[in-house]
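Subject: Structure for your review

Hello,

Here is the structure we talked about passing on to you. Please open it alongside this message.

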Amino acid sequence: MPIQILADDVVARIAAGEAVERPASAVKELIENAIDAGATSVHIESGGGGRRLLRVSDNGSGIRPEEIELAFKRHATSKLRSAEELEALKTLGFRGEALSSLAAVSKAAVVTRHRDEAMGVRFISSAGMSGCEPIGAPAGTVVTIENLFYNTPARLKFLKNDATEKRHIHWVVARYAMAYPEVAFTLVQDGRERFRSSGSGELGDVVAKAFGLSEYKRMIAVDGYEPAGSGRAAISISGFISDPTLSRARRDRIILFVNGRAIQDSSLTHAVIQAYDGLLKERTFPLAALMITTPPDFVDVNVHPTKAEIRFRDSQQVFLALQRAVREAILDSADDETAEDLWSPSGFTDQYIHYQSLPRPWRPDDGSDLVDEQGLRYVPVTAEPSARPRTLPILRVVGQVGAAYIVAEGPAGLYLVDQNAAHERVIYQQFSQAYAENRLCSQAQAETQTVLLSPKEAQLLESIAEQLEALGFELELFGPNAFACRALPAAAMGLPLDELMTRLLDQLHGDAPSMEEVLKALAAAIAVRSGQVMSTDEMRTLIAELERCPDPLLSPTGRKVLLHLSSEQLADQFSQR
Ligand code: ADP
Ligand code: MG
């Protein structure tokens with residue numbers, strides 16, 4: 001065959017094969033057009049899995065009668081003028097391919113009235129023929145696609161059964177409804193309403209509709225922001241993720257948007273999953289609807305005809321920002337959960353068993369002090385916890401060596417964590433923060449315990465009685481060198497009291513120790529010893545707590561918490577002879 005330029009209708013049909021893979025991708029294109037046209041309400045109908053009928057109606061700007069024919073030409077768009085504008089797109093469409101592609105593989109009809117026009121227009125395009133007539137219509141656009149892929153039998157063959165195609169359509173609508181909570185969406189499939197969002201502007205409302213109300217109730221809000229700086233772009237991440245007790249066998253409910261565009265990106269999906277490290281049941285995945293917002297010129301959306309794949313100027317930055325935001329949200333919610341657990345002490349979960357033993361904020365609704373019948377005393381929070389600068393990478397626990405060091409893997413290699421130094425840091429941080437914010441949690445002993453001390457210890461104990469009381473101890477002189485203890489800081493509950501006191505006093509030297517010194521001594525007295533075997537869950541919780549410390553690299557007494565071997569160092573070591 002001699003070389004020839006392909007005829008327009010052949011080109012259009014080839015292009016359609018890329019942009020419109022299945023009925024759901026047609027729906028996606030039509031919804032994007034409605035959103036680009038400023039619609040506040042979008043109604044979607046499908047019949048026969050979308051093969052027989054697709055109809056998308058919107059109340060957007062409408063198309064001017066003199067432009068309607070052009071809209072169906074290939075590469076005809078009102079959204080892009082120059083190649084430079086590609087760098088900073090504000091619309092979802094820009095390729096000018098959807099309407100022409102759809103018309104090439106179906107019987108397409110449009111009824112539209114531009115909001116500045118008195119009269120609407122109907123345009124029909126089928127099998128290369130087209131016609132146009134004036135018609136009365138509400139402002140907005142209705143696009144009807146019938147017999148999709150009727151002239152591309154190969155494509156038709158690859159479509160799945162109706163139920164599958166319907167499910168795909170459903171999720172396209174649900175995704176866009178989440179990305180645009182201020183737009184009201186309805187979906188009717190084979191005459192039955194399948195989805196409706198209110199257009200309230202609240203993402204939570206739509207997530208509850210898309211994932212189900214009971215799922216939504218177990219979801220956690222994510223709200224992360226990283227400001228721009230030293231070559232890095234500002235990135236914000238918001239939305240909802242499931243709490244670690246809620247998961248699915250498939251990862252397809254991790255839904256990500258970048259600048260209002262639903263995207264598929266296995267690396268970013270992985271970032272979300274990794275942030276749950278160790279918290280999810282094995283081989284299960286979380287649910288998520290997360291909006292990633294970056295400056296427009298930080299992403300290249302012109303990678304794939306379906307526009308579902310994009311490229312970032314710095315994909316590592318987005319990966320880490322996403323992972324951090326999700327991780328933070330999980331850790332914060334663990335805090336809240338523990339507060340609830342403390343409220344009903346029977347409700348401790350294994351997962352957070354370690355949190356239970358640490359002082360936690362508690363916020364009664366009315367701001368008053370509360371004492372429940374178990375003797376737990378809740379001190380109202382007076383200050384919001386401060387934002388924590390992060391200086392520790394996200395670590396994944398691998399194991400324990402010598403019952404003293406936690407082996408962990410992080411983005412930059414291998415980490416060895418001294419469990420005793422790490423726990424000291426964590427306890428010190430939590431005590432000093434709780435103390436500074438006046439929200440220490442003290443717990444009454446079921447039975448008053450007594451401690452017998454040496455005269456020297458007893459004297460020292462008396463000299464720090466006031467500090468100990470401020471930290472949640474209730475002590476009383478009980479005879480020569482004997483003390484009764486009625487209450488303890490919640491973090492010290494369950495530890496043998498005489499051992500705790502001896503250790504605490506052992507750390508202190510001099511006559512009048514400062515609060516700071518007492519805090520350090522208390523942290524050292526409570527911290528897990530080296531030589532103590534820790535369960536994987538305990539190690540994970542410790543690492544998660546350490547991640548939250550503003551100064552995680554040193555213990556309060558200046559001991560090293562962490563040794564890092566970078567991947568390069570490891571490679572170096574192994575390549576040496
Ligand atoms: P693109 O969206 O990439 O511009 P399309 O083929 O999807 O390409 O649409 C072509 C043009 O038709 C759009 O640029 C827009 O001007 C117009 N258009 C399509 N759908 C609508 C709609 N629902 N409301 C208003 N204008 C529309
Ligand atoms: Mg479009």
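Below is what was found in it, grouped by region. Please keep in mind that this is a predicted model.

**Strand β13 and its partners**

Strand β13 covers residues 288-293, and 5 of its 6 residues are buried, so the strand is largely enclosed by the rest of the structure. It pairs with β10 in the antiparallel sense, over 6 bridges. One position to look at is Ser238, whose bridge partner in β13 is Met291. With β11 the pairing of β13 is parallel and runs over 5 bridges. Here Ile254 has Ala288 of β13 as its bridge partner. As background, strands of a sheet pair through backbone hydrogen bonds, in either a parallel or an antiparallel sense.

**Arg253**

The loop between β10 (235-242) and β11 (254-258) contains Arg253. Is this residue buried or exposed? Its relative accessible area is 13%, and because buried means under 20%, Arg253 counts as buried. Leaving aside residues up to four places away in sequence, Arg253 touches Trp171, Phe211, Arg248, Pro286, Leu287 and Ala288. Ala288 is thus a contact of Arg253 as well as the bridge partner of Ile254. Arg253 also belongs to a network of salt bridges that links it with Arg248, Arg250 and Asp252.

**The four-stranded sheet**

Further along the chain, 4 strands make up an open sheet with antiparallel pairing, in the order β18-β19-β20-β24. The edges are taken by β18 (396-401) and β24 (562-566); each has a single partner strand, so one side of each is left without a neighbour in the sheet. From one strand to the next the twist averages 20°.

Within this sheet, β19 (residues 405-410) and β20 (residues 413-418) pair in the antiparallel sense over 6 bridges. Glu409 stands opposite Leu414 of β20.

Which helix packs on the sheet and touches β18, β19 and β20? That is α17 (residues 536-547), whose direction makes about 120° with that of β18. Helix α18 (residues 567-575) lies across β20 and β24, and runs at about 65° to β24.

**Salt bridges**

The structure holds 27 salt bridges. Side chains of opposite charge can pair when their charged atoms come close. Three pairs are described here.

Arg548 forms a salt bridge with Asp332, and the closest N and O atoms are 3.2 Å apart. This pair links distant parts of the chain: Arg548 is in the loop between α17 and β24, Asp332 is in helix α10 (residues 315-343), and the two are 216 residues apart. Arg548 is buried at 8% relative accessibility, whereas Asp332 is partly exposed at 31%.

Asp551 and Arg425 meet through their side chains in a salt bridge of 3.7 Å, N to O. This pair also links distant parts of the chain, with Asp551 in the loop between α17 and β24, Arg425 in helix α12 (residues 419-436), and their positions 126 residues apart. Asp551 is partly exposed at 37% relative accessibility, while Arg425 is buried at 6%. In this pair, then, the arginine is the buried residue and the aspartate is partly exposed.

The pair of Arg503 and Glu499 lies within helix α15 (residues 497-506); being 4 residues apart, the two are separated by about one helical turn. Their side chains meet in a salt bridge at 2.8 Å, N to O. Arg503 is partly exposed at 21% relative accessibility, and Glu499 is partly exposed too, with a relative accessible area of 39%.

**Cysteines**

How many disulfides does the structure have? With a cut-off of 2.5 Å between cysteine sulfur atoms, the count comes to 0. A disulfide is a covalent bond between the sulfur atoms of two cysteines. Two cysteines may be of interest for their burial. Cys485 is buried, with a relative accessible area of 0%. Cys549 is also buried, at 2% relative accessibility.

Regards

Notes: Residues numbered from 1 in each chain as written. Chains lettered and ligands numbered in written order. Predicted model: local features only at pLDDT ≥ 70, side-chain atom pairs only at ≥ 80, totals over all residues. Heavy atoms only, no water. Buried < 20%, exposed > 50% of the residue type's maximum accessible area, 1.4 Å probe, protein only. Contact = heavy atoms within 4.5 Å. Pairing = 2+ DSSP bridges. Axes fitted to C-alpha atoms, helices over the stretch in contact; angles between N-to-C directions. Salt bridge = Lys/Arg side-chain N within 4 Å of Asp/Glu carboxyl O.
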